[in-house]
Amino acid sequence: MYDLINRKDKFQTLNKRVIAIYYISIDKHLYIGSTEDFCNRIRQHRHSLVNNKHYNNFIQRSYNKYNIARFGILQEIEYLDNKDELFTIEAKWIDLLKAD
């Protein structure tokens, strides 16, 4: 499991393309997402949060209040038949962790 704390240098150490179910944790709130390119997706989230332009207003307000976010991988997926499979796995994690 990767746990990346708001540090740009840690994103650069993950230079391979990783298909994953990921999380963003801010205070006691948890957001679960899925992506076919973890490093790029986390960079997008981080950039949006830092520039106060995240599409999820709840996450943005939480980030503005606490000014820290943890990003990490819940499950790395070696092989993907189709994108629907990724969304199914993501839904299972959301249910399991009761994410916001």
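Helices here are DSSP runs of H or I with at least four residues, and strands are E runs of at least two, numbered from the N terminus. On that basis, the protein chain reads β-α-β-β-α-α-β-α along its sequence. The total is four helices and four strands. The model is predicted.

**The chain as a whole**

The protein chain has 100 residues, and 39% of them count as buried. Its contacts reach across the sequence. Among contacts with a separation of 6 or more, 61% join residues 24 or more positions apart. The exposed surface comes to about 6400 Å². Carbon and sulfur atoms supply 48% of that surface.

**Strand β2 and a buried tyrosine**

Strand β2 covers residues 20-26 and contains Tyr23. Is Tyr23 buried or exposed? Its relative accessibility is 6%, so Tyr23 counts as buried; the cut-off for buried is under 20%. Tyr23 and Ala69 are 46 residues apart along the chain, yet their C-alpha atoms are separated by 9.9 Å.

**Helix α2 and its partner α3**

Helix α2 runs over residues 38-50. Its 13 residues reach 18 Å from first C-alpha to last, close to the 18 Å expected at 1.5 Å a residue. The buried residues in α2 include Phe38, Cys39, Ile42, His45 and Leu49. Viewed down the axis of α2, its buried residues fall within an arc of 130 degrees, so they line one face of the helix. The general geometry is familiar: an α-helix has 3.6 residues a turn, so residues three or four places apart point the same way.

Helix α3 spans residues 57-66 and packs with α2 at an angle of about 65 degrees. The two axes lie 10 Å apart. The crossing of α2 past α3 is right-handed. Which residues meet there? From α2 come Ser48, Leu49 and Val50; from α3 come Ile59, Gln60 and Tyr63. Leu49 is thus named both in this contact and among the buried residues of α2.

**Helix α4 against the strands**

Helix α4 takes up residues 83-97. At 1.5 Å a residue, its 15 residues should span 21 Å, and the end C-alpha atoms are 21 Å apart, which agrees. Leu86, Ile89, Glu90 and Trp93 are the buried residues of α4. They fall within an arc of 105 degrees seen down the axis of α4, so they line one face of the helix. What do these buried residues pack against? Their partners are β2, β3 and β4. The face of α4 turned away from its buried side carries exposed residues: Asp84, Lys92 and Asp95.

**Residues with positive phi**

Several positions have a positive phi. They sit in loops or follow helices, as the table sets out.

| Residue | Phi | Place |
|---|---|---|
| Asp27 | about 55 degrees | loop between β2 and β3 (29-35) |
| Asn52 | near 60 degrees | follows α2 |
| Asn67 | near 60 degrees | loop between α3 and β4 (70-76) |
| Lys98 | near 50 degrees | follows α4 |

Asp27 is not a glycine, and Asn67 too is a residue other than glycine. How accessible are the two loop residues? Asp27 has 39% relative accessibility and therefore counts as partly exposed. Asn67 has a relative accessible area of 52%, so Asn67 is exposed; the cut-off for exposed is over 50%.

Conventions
Residues numbered from 1 in each chain as written. Predicted model: local features only at pLDDT ≥ 70, side-chain atom pairs only at ≥ 80, totals over all residues. Heavy atoms only, no water. Buried < 20%, exposed > 50% of the residue type's maximum accessible area, 1.4 Å probe, protein only. Contact = heavy atoms within 4.5 Å. Areas by Shrake-Rupley, 256 points an atom, 1.4 Å probe, with all protein chains shown as cover. Expected span 1.5 Å × (residues − 1). Arc of directions from axis to C-beta. Axes fitted to C-alpha atoms, helices over the stretch in contact; angles between N-to-C directions. Left-handed = near helix turned anticlockwise from the far one by under 90°.
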